[in-house]
Each structure stands twice: as structure tokens, then as C-alpha cells.
Amino acid sequence: MKHSRFTCAALLAVSLFFSSCLTVDSVPQEMTAPELLREAQNSYDKGSSRKALVYYQALAERYGSDATMYVTARYETAHIYIKKHKWAKAEPILQEVIEIYRNMPAGTISGSFLKMAESDLEKIPAHKQQSDSQ
């Protein structure tokens, strides 16, 4: 009986491991931008920031020609890093989002992500900002 419990537990662990190995390449190609966005948000809500990041990366790569989708994916990626205090990963992405707004004609994309990117950038401790170390 102990042997079968161990076997079941081992099989469960292995199956969970392989089911959690999501990569951008394994995200179905036919997923639309709204579907990718929804899956990213659902993954994050369920506690899997790693899966959410994969979906946001797929969104940026596949639908990056749509400025709104690209900015959404990049901002949300940076925001996850901010929440995890991964300042070095978040800062260049936030700077990129802000730079996109500076180079786009006014009103091309909603200004909400600009305000949120600026707000998140302010959350990075001064001693952690890359601009201080350059």
C-alpha cells in the first residue's frame, strides 16, 4: 500500500512539473490577443506569475504591431516584476513603455498605461535604479 501511494504521489508530481513547463512556443498559435490577455490575467490571479509572464510575452511577440497590445503586455510584465521587487527587470520595461508614449502621436493609445508606468517607476528605490549606476 505504501508503495502505491508513493507511486501515485511521484506520478502526480511529475505530471504537475510537466504541465507547468509553459513556454511561448507551447502557447497555441491560434490564440487571439484578447485570449492571451485573459489567460495571462487568469494565470496571475491564480498565483502563477511565471505563466502570466509567458502569456504576456506571447502577446507582445505575436501582436506587437498593435501598439495597444504591445504596451499592455510590456506594462503588465513590468508590473509583475515590480510586485516581486525585481527592480532591475522592471525598470527598463517601464522606461520602454514611457518612451513609446513619448514617440506616439497624442491619443494613439490610452494614457492610462503611461500614468501607471510612471507610478510603478517611482516605486523603484532610488538606490536600485539603473540610471544611478551608469
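In this predicted model, D120 is a buried residue, its relative accessible area being 1%, a value that falls under the 20% limit for burial. D120 nevertheless takes part in a salt bridge, in which its partner is K123 and the closest N and O atoms lie 3.2 Å apart. Both residues belong to helix α6, which spans residues 112-123, and because they are three residues apart in that helix, they are separated by about one helical turn. K123, for its part, counts as partly exposed, with a relative accessibility of 44%, so that this salt bridge joins a buried residue to a partly exposed one.

The pair in helix α6 belongs to a set of three salt bridges that the structure holds. Another member of the set is formed by R102 and E99, with a separation of 3.4 Å between the closest N and O atoms. These two residues lie in helix α5, where, being three residues apart, they are separated by about one helical turn. R102 is exposed, since its relative accessible area is 59% and the limit for that class is over 50%, whereas E99, at 36%, is partly exposed.

A further salt bridge connects E96 with R74, and here the closest N and O atoms are 2.8 Å apart. This pair links distant parts of the chain, for E96 is found in helix α5 (residues 87-103) and R74 in helix α4 (residues 67-83), with their positions 22 residues apart in the numbering. E96 counts as partly exposed because its relative accessibility is 24%, and R74 likewise counts as partly exposed, with a relative accessibility of 22%. Both values lie between the 20% limit for buried residues and the 50% limit for exposed ones.

Beyond the salt bridges, attention may be turned to K128. This lysine is placed in the loop between α6 and α7, the latter helix covering residues 130-133. K128 counts as partly exposed, its relative accessibility being 42%. When residues up to four places away in sequence are left out of account, K128 touches W87 and E91. The separation of K128 from K86 can be described in two ways, since the two residues are 42 residues apart in sequence, while in space the distance from C-alpha to C-alpha is 9.7 Å.

Methods: Residues are numbered from 1 along each chain as its sequence is written. This is a predicted model: local features need pLDDT of at least 70, side-chain atom pairs count only at pLDDT 80 or more; totals for chains, interfaces and linings use all residues. Side-chain values use heavy atoms; hydrogens and water are left out. A salt bridge is a side-chain nitrogen of Lys or Arg within 4 Å of a carboxyl oxygen of Asp or Glu. Helices (H or I, at least four residues) and strands (E, at least two) are DSSP runs, numbered from the N terminus. Buried means under 20% relative accessible area, exposed over 50%, partly exposed in between (1.4 Å probe, protein chains only). Contact means heavy atoms within 4.5 Å.
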